[in-house]
Amino acid sequence: MEKIIDHKEFNITSLKFRNVSSTLLSATNDIEANRALKKFLHFIDNEPLISDFILRNNIRTFNIKEVLEASDYYTKFNIPLDDSEEVAFIYQLLQYVSENNLRYSTVAGGYGTSNKFRDMIREFNREVTQILYSRINSYLRELEIKMGLNEKQGGIVINQGSNGQLIMAKHGDVQATQNNNNASNNDELLGVIKTLIAELKANPISETELQEDILDDLSDLEEATQTGEQPRKSLIRRTLDKLKSINELSAEGTIIAMNVQRLITYLGQL
């Protein structure tokens, strides 16, 4: 198997990963969380770049069944400090929950400051699931830099090694032909804009002036996208600058941060 991934395809993969992660990390009940978990695991297991990262780190096998049986319902998990084992433990824990159709709250009992499932799930995601998200996201960013994909040039040539791991190399000046559905792209962009507006209104950032300015720009972007118009270059540049400032103020893995990154990716392709 040989495949070439250029910067656009890589950005789409990164965007899809942030989308499925955002849905899981923002879940507030067992129904939402269990469905989102299955979609999250299905994506990372079937996306070659990410599944390769899991394969390289999922070396040590943990007996999750014994871990759960030995743990009190209200006890937090002792997550390994080693980087590779940290990934392996969290991945195997989430995989065990999904494969055995356990309620998501089953592993979240030791988290949160109240006995409400909503708080437990949110805090478990913040302290556990978000670690796996952050490790994968950092890996993708490092790969982007190493392969020159952040410069919108080159690409990644991937081949399957005999041990199942990917052999990756930089490929220069990849020319990829892509068929884009403009209506679909507009709908996705509009959805991200609306979500970010709602999140910023519900959870304002600390800098009031920046908050007001970005909401104005997002409203202008929303209006242009709804009418099918190409947003002005000056509006795109202005919005990107403010989004980058908000990204620095927002904690990684939060809903605002992930939607800011999604919108930056979309606007960077206009």
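Helices (H or I, at least four residues) are DSSP runs, numbered from the N terminus. I use that numbering below; the model I am reading is predicted.

**Entry 1: the chain as a whole**

I began with the elements. The protein chain has ten helices and three strands. Read from the N terminus, their order is β-α-α-α-α-α-α-β-β-α-α-α-α. I then looked up burial and found that 45% of the 270 residues are buried. The exposed area of the protein chain is about 14300 Å², and carbon and sulfur atoms supply 45% of that area. For contacts between residues at least 6 apart in sequence, I noted that 68% join residues at least 24 apart.

**Entry 2: Glu-207 and the negative patch**

Where is Glu-207 placed? I found Glu-207 in the loop between helix H7 (182-202) and helix H8 (208-226). Its relative accessibility is 43%, and because partly exposed covers values between 20% and 50%, I class Glu-207 as partly exposed. Glu-207 also belongs to a negative surface patch. The other members I listed are Glu-209, Glu-212, Asp-213, Asp-216, Asp-220, Glu-223 and Glu-229.

**Entry 3: Leu-24**

I turned next to helix H1 (residues 7-25), which holds Leu-24. Is Leu-24 buried or exposed? Its relative accessible area is 1%, so I put Leu-24 down as buried. Leaving aside neighbours within four places in sequence, I found Leu-24 in contact with Ala-33, Ala-36, Leu-37, Phe-40, Tyr-104, Asn-125 and Thr-129. I looked up one of these pairs by C-alpha atoms: Leu-24 and Phe-40 are 16 residues apart along the chain, and 7.2 Å separates their C-alpha atoms.

**Entry 4: Ser-105**

Ser-105 is in a loop too, the one between helix H5 (83-99) and helix H6 (117-146). I checked its accessibility and read 0%, so Ser-105 counts as buried. Which residues does Ser-105 contact, leaving aside its neighbours within four places in sequence? I found Asp-30, Tyr-73, Phe-117 and Ile-121.

**Entry 5: Phe-117 and the nonpolar patch**

I followed Phe-117 from the contacts of Ser-105. Phe-117 lies in helix H6. With a relative accessibility of 42%, Phe-117 counts as partly exposed. Phe-117 joins Tyr-73 and Tyr-74 in a nonpolar surface patch of about 330 Å². Two members of this patch, Tyr-73 and Phe-117, also appear among the contacts of buried Ser-105.

Definitions and conventions. Residues numbered from 1 in each chain as written. Predicted model: local features only at pLDDT ≥ 70, side-chain atom pairs only at ≥ 80, totals over all residues. Heavy atoms only, no water. Patch = residues over 30% accessible without salt bridge, like charges linked within 9 Å, V, L, I, M, F, W, Y side chains within 5 Å. Areas by Shrake-Rupley, 256 points an atom, 1.4 Å probe, with all protein chains shown as cover. Salt bridge = Lys/Arg side-chain N within 4 Å of Asp/Glu carboxyl O. Lys, Arg positive; Asp, Glu negative; His and termini not counted. Charge placed at Lys NZ, Arg CZ, Asp CG, Glu CD. Helix = DSSP H or I, 4+ residues; strand = E, 2+ residues; numbered from the N terminus. Buried < 20%, exposed > 50% of the residue type's maximum accessible area, 1.4 Å probe, protein only. Contact = heavy atoms within 4.5 Å.
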